[in-house]
Amino acid sequence: MYAPILSTKLTIPVQRSHVVDRPRLYVRLGEGMHAKLILVSAPAGSGKTLLVNQWVKSSSIDTAWLSLEEADNDPSRFLTYLCASLQTIVPQLAEGIMGFVQSSEPPPLETIITYLLNEVSEITNHFVLVLDDYHLMASEVINQALVYLLRHMPPHMHIVMTTRQQPKLPLARLRAKGELIEIRGSDLRFTSAESSEFLDRVMGLKLSEEHVALLEKRTEGWVAGLQLAALSMQGYSDPNHFMETFSGRDPFVLDYLMEEILQGLTEQVQNFLLKTCMLDRLCGSLCDAIFDIDETKEHESVDFTGQDMLEWLEQANLFIVPLDNERRWYRYHHLFADLLRTRVHQNSNYAGSAETDLSVTEIHKRASIWYEKHQMELEAFNHAVAAADTHRASNLLEGKGMPLLFRGVLFLPCNG
């Protein structure tokens, strides 16, 4: 007996009554009608699903929608729902294929995809297949089936994928051929006008331009951050005080980031985040210094290098912001950094086992040594102060030949 199809997985989600219209992004999505894949890849709470939802409902294009979940990593289940989603456009499509998929000994996935593509080729109109929350797909078999689908699908078929992580697809090849449209976290951030409209019309807050600008700066245009800030602010008698104190330590923001992000990460990734969150900027070599990974030695004793982890965090859209085009320098999103620093101060054993634990003081000391080694005396001085290392700070302040005070530098406190 076949498992029943859950129809809500195939239904375009109900749109909120009040949303911020985003025509600049609709235009970008519309360009995907000349491409194979439209990739909407951004951190949690960036409004990925809502954006695609708004676009397909505002356009006239036929849309097959599939909301993915972890259980869909079973190949037969995935293909069953894939066929069922396409049947919302053409009801008779893939009826014979469904029997193959759900048989006790189904043929190889590529064979089934080939049958499916042959039937899809007979559709005359352009249409999109939306795969929502593709980051939940961990099956390599399904991923390879999708690669095969992308390679051979007809020109009137387009896939829209929303995901928190960069998928393991041939993106470079698709990009080079002009077959890929990308919308990233930086694109999804609210502009000043969008932030103002969201807070005023959607959340019902009457704020001054100054307060709107401040919230936009604090949240960096992150949609969920603005919404959580607005929820926290409702009923607040003193908006000025709220603006002065709002940060990633806000209870609503903390709960969201903990539940949606931090708790789902491995201990190794959490350990890396919590040890490096005291740094205003990060690069691979600096992170290696924090973890005491010697560049001159083989890395057999560690599972990663700082650069490896930073690039993984970027691909996973884990609230890390690149500061250059060379994938060298990064920083954490301000609210995410606030969360991490709060966790550090709440739990003295944040780094994991006793063998790998580092104090905040030691982290700042290692950062200071690294910055001095790389001739960035100001940053070295600031970290020495944060480590309460008066001897090192004094030596750095005096400088070699000319004190820092006479170099026109600005002293900024390090996070700690």
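**Exercise 1.** Determine whether Asp-338 is buried or exposed, and describe its salt bridge with Arg-249.

*Solution.* Begin with accessibility: Asp-338 has a relative accessible area of 14% and is therefore buried, where buried means under 20% relative accessible area, exposed over 50%, and partly exposed in between, with a 1.4 Å probe and protein chains only. Its partner Arg-249, at 44% relative accessibility, is partly exposed. Next comes the contact itself: the side chains of Asp-338 and Arg-249 meet in a salt bridge at 4.0 Å, N to O, the term denoting a side-chain nitrogen of Lys or Arg within 4 Å of a carboxyl oxygen of Asp or Glu. Finally, locate the residues: this pair links distant parts of the chain, 89 residues apart, with Asp-338 in helix α17 (residues 334-346) and Arg-249 in the loop between α12 (239-245) and α13 (251-260). Helices here are DSSP runs of H or I with at least four residues, numbered from the N terminus.

The model is predicted, with pLDDT of at least 70 needed for local features and 80 or more for side-chain atom pairs, while totals for chains, interfaces and linings use all residues. Residues are numbered from 1 along each chain as its sequence is written, and side-chain values use heavy atoms, leaving out hydrogens and water.

**Exercise 2.** Describe the salt bridge between Arg-24 and Glu-194.

*Solution.* The closest N and O atoms of Arg-24 and Glu-194 are 3.0 Å apart; the pair joins helix α1 (residues 23-30) to helix α9 (residues 192-202), across 170 residues. Glu-194 is buried at 7% relative accessible area, whereas Arg-24 is partly exposed at 37%.

Terms used: Helices (H or I, at least four residues) and strands (E, at least two) are DSSP runs, numbered from the N terminus.
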